[in-house]
Amino acid sequence: MAGVAYIGVGSNVGDAFENCLQGMRAVIDNERATFVALSSLYRTSPVSPVVQSDFLNCALKIAWRGTPRELLSFLQEVEAALGRDRGVRFGPRTLDLDILFFDDLVLDTPGLTIPHPRLHQRKFALVPCLEIDPGLVHPRFGRPLAEYLRELGDEQKIAPFGKVPADRIGSAKAGDAPEGGGG
Ligand code: AMP
């Protein structure tokens, strides 16, 4: 199996910018992954009952030669290698890597739900995905992602933080990094 995946990337511990970069480099370095596109980074307020610092978030789009389950296992290895402490649910994250979409797949299995079950309620997932593809439609509900974003109030704060040049995460390996990393 192979497919195109949107991966949600986030960090709010230590040097969040470096953590996101290192995490994405590790993803792209995998021989089964090919870089497709990268959103800007955004500074976002935590959506959590736990008091903690703001996050940096972005979305990374890759082609993955393997199953979604293999992708999840690999992302969890990267999170662990970069020192994520799973102690507090919804707590601070050195690096959080989620599968947001995998093609138009709708999957409900123990430990893996695709699309990510909360992405349509979270600006930190919606905004970066829509930057990469403004026409994205939620495959489970059949609604454009842009509609979910419009319906969210002002409570969740999100501000552009900056663009990451695609070569900073090693996308040159794939030889297909678009200008400025978007698209
Ligand atoms: P979190 O701590 O919020 O990153 O959640 C991690 C847990 O969510 C893991 O136990 C995963 O098995 C589970 N999970 C379910 N669906 C997904 C998904 N689409 N992407 C990442 N983790 C997922």
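A residue is counted as near a molecule if its C-beta atom, placed from the backbone, lies within 6 Å of that molecule. In this predicted model, the ligand is surrounded on that basis by L72, D96, D98, I99, G111, L112, T113, I114 and H116. By class, this shell consists of 4 nonpolar, 3 polar and 2 charged residues. Two strands, strand 5 (96–102) and strand 7 (112–114), each contribute at least two residues to the shell around the ligand.

The protein that holds these elements contains 4 helices and 8 strands. Read along the sequence, its elements follow the pattern β-α-β-β-β-α-β-β-β-α-α-β. Of its 183 residues, 41% count as buried. Among contacts between residues at least 6 apart in sequence, 70% join residues at least 24 apart.

Helix 1 comprises 14 residues, from 16 to 29. From its first C-alpha to its last it reaches 20 Å, close to the 20 Å expected at 1.5 Å a residue. The buried residues of helix 1 are A16, N19, C20, L21, G23, M24, A26, V27 and I28. An α-helix has 3.6 residues a turn, so residues three or four places apart point the same way. The buried residues of helix 1 pack against several elements: strand 1 (2–11), strand 2 (33–38), strand 3 (41–44), strand 4 (55–65), helix 2 (68–81) and strand 5. Strand 5 thus appears both in the packing of helix 1 and among the suppliers of the ligand shell.

Strand 4 includes I62. Because 24 other C-beta atoms lie within 10 Å of its own, I62 is buried, the threshold for a buried residue being 20 or more. Leaving aside residues up to four places away in sequence, I62 touches A5, I7, V27, A33, T34, F35 and V36. One of these, V27, is also among the buried residues of helix 1. For another, F35, the C-alpha atom is separated from that of I62 by 4.7 Å, although the two residues are 27 residues apart along the chain.

A further buried position is A166, found in the segment after strand 8 (158–162). A166 is classed as buried because it has 22 other C-beta atoms within 10 Å. In sequence, A166 and V36 are 130 residues apart, while in space their C-alpha atoms are 9.8 Å apart. V36 is also one of the residues touched by I62.

How values were computed:
Residues numbered from 1 in each chain as written. Predicted model: local features only at pLDDT ≥ 70, side-chain atom pairs only at ≥ 80, totals over all residues. Nonpolar A, V, L, I, M, F, W, Y, C, P; charged D, E, K, R; others polar. Buried ≥ 20, exposed ≤ 12 C-beta atoms within 10 Å, placed from the backbone. Contact = placed C-beta atoms within 7 Å. Expected span 1.5 Å × (residues − 1).
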